[in-house]
Amino acid sequence: KSGQVQWSLGLEYEWPDASLMGALTDARGRPRTMGEGELGDLALLCKQASVMGDDKAQAFKLTFGPDHLLMEATELAAEFSGQIPLADVQPGSTDCEVGINALRLEGLVSVVNAAGGDTFYMAVAGKTAPVMIWNHGAPVIVETLIMPMRLG
């Protein structure tokens with residue numbers, strides 16, 4: 001009825017709609033740092049990071065800079081550091097750094113990329129809040145959440 005489609009990836013069990021809507025509402029309502037970038041750039045960065053990770057080490061540090069998004073990890077077989085430009089970064093009153101699973105982020109970005117549009121928005125509301133990513137400029141807007149990881 002609402003025109004929304006809810007889909008989950010990588011969850012062990014079904015989430016009740018109320019829980020999912022609660023997470024979305026909470027992530028949207030918190031003060032958050034947000035930036036806009038090219039969807040193709042983010043897809044490539046995620047692919048590069050996930051190749052560098054392995055089954056045991058997929059935790060990457062995602063940091064918003066004043067005009068870029070930085071993804072890095074030092075506890076891999078080889079260090080990884082990659083960044084993409086961001087436009088219109090709006091700093092929130094929260095920390096702009098969060099741990100993220102590169103492989104899961106790559107899957108999520110693939111879904112957003114498949115929906116189309118040229119740009120994405122990403123919002124971080126703190127180290128334990130879901131990271132939100134959504135597309136822009138497409139007939140179908142896809143809004144996604146990914147839970148952060150603890151950084152060593």
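**Exercise 1. Find the largest nonpolar core of this predicted model and the residues with the most contacts inside it.**

Step 1. Begin with the core itself: the largest one has 30 residues. Leu42, Met71, Met122 and Ile133 are those with the most contacts inside it.

Step 2. Next, see which elements supply it. At least two residues each come from α2 (39-52), β2 (59-64), β3 (68-73), β4 (80-85), β6 (97-101), α3 (102-115), β7 (119-124) and β8 (131-136).

Step 3. Look for anything set apart from this core. Another core, of 5 residues, lies apart from it, and Met34, Tyr121, Ala123 and Met132 are among its members.

Step 4. Now zoom in on Leu42. Not counting residues up to four places away in sequence, Leu42 touches Leu69, Ile84, Val109, Phe120, Met122 and Ile133.

A general remark fits here: in soluble globular proteins, nonpolar side chains tend to be buried together.

**Exercise 2. Describe the protein chain as a whole: its helices and strands, its burial and its surface.**

Step 1. Count the elements: the protein chain has 3 helices and 9 strands. Along the sequence they follow the pattern α-β-α-β-β-β-β-β-α-β-β-β.

Step 2. Turn to burial. The protein chain has 152 residues, and 42% of them count as buried.

Step 3. Consider the surface. About 8700 Å² is accessible, and carbon and sulfur atoms hold 53% of that.

Step 4. Finish with the contacts. Among those with a separation of 6 or more, 63% join residues 24 or more positions apart.

**Exercise 3. Work out which strands β3 pairs with, and why β3 is largely enclosed.**

Step 1. Take β2 as a partner: β2 and β3 pair in the antiparallel sense over 4 bridges. They form a hairpin, with 3 residues between the two strands. One pair to locate is Phe64 and its bridge partner in β3, Leu69.

Step 2. Take β4 next: β3 and β4 are also antiparallel, paired over 6 bridges. Here His68 has Pro85 in β4 as its bridge partner.

Step 3. Check burial, where the cut-off is under 20% relative accessible area. Of the 6 residues of β3, 5 are buried, so the strand is largely enclosed by the rest of the structure.

**Exercise 4. Lay out the open sheet of 5 strands and place the helices α2 and α3 against the strands.**

Step 1. Write down the order, which is β5-β1-β7-β8-β9, with antiparallel pairing.

Step 2. Identify the edges. β5 (87-90) and β9 (143-146) each have a single partner strand, so one side of each is left without a neighbour in the sheet.

Step 3. Follow the twist, which averages 20° from one strand to the next.

Step 4. Look at one pairing in detail: β7 and β8 are joined over 5 bridges in the antiparallel sense. Asn135 in β8 is the bridge partner of Phe120.

Step 5. Add the helices. α2 packs on the sheet and touches β1 (33-38), β7 and β8, its direction making about 95° with that of β1. α3 lies across β8 and β9, at about 25° to β8.

**Exercise 5. Decide whether Thr119 is buried or exposed, and list its contacts.**

Step 1. Place the residue: Thr119 is in strand β7.

Step 2. Its relative accessible area is 12%, so Thr119 is buried.

Step 3. Leaving aside neighbours within four places in sequence, Thr119 contacts Glu36, Gly37, Glu38, Leu39, Trp134, Asn135 and His136.

Key: Residues are numbered from 1 along each chain as its sequence is written. This is a predicted model: local features need pLDDT of at least 70, side-chain atom pairs count only at pLDDT 80 or more; totals for chains, interfaces and linings use all residues. Side-chain values use heavy atoms; hydrogens and water are left out. A nonpolar core is a set of buried Ala, Val, Leu, Ile, Met, Phe, Trp, Tyr and Cys residues joined through side-chain atoms within 4.5 Å. Buried means under 20% relative accessible area, exposed over 50%, partly exposed in between (1.4 Å probe, protein chains only). Contact means heavy atoms within 4.5 Å. Accessible areas come from the Shrake-Rupley method with a 1.4 Å probe; for residues, only the protein chains shown count as cover. Two strands pair if DSSP finds at least two bridges between them. Axes are lines fitted to C-alpha atoms, for helices over the stretch in contact, and angles run from 0 to 180 degrees between N-to-C directions.
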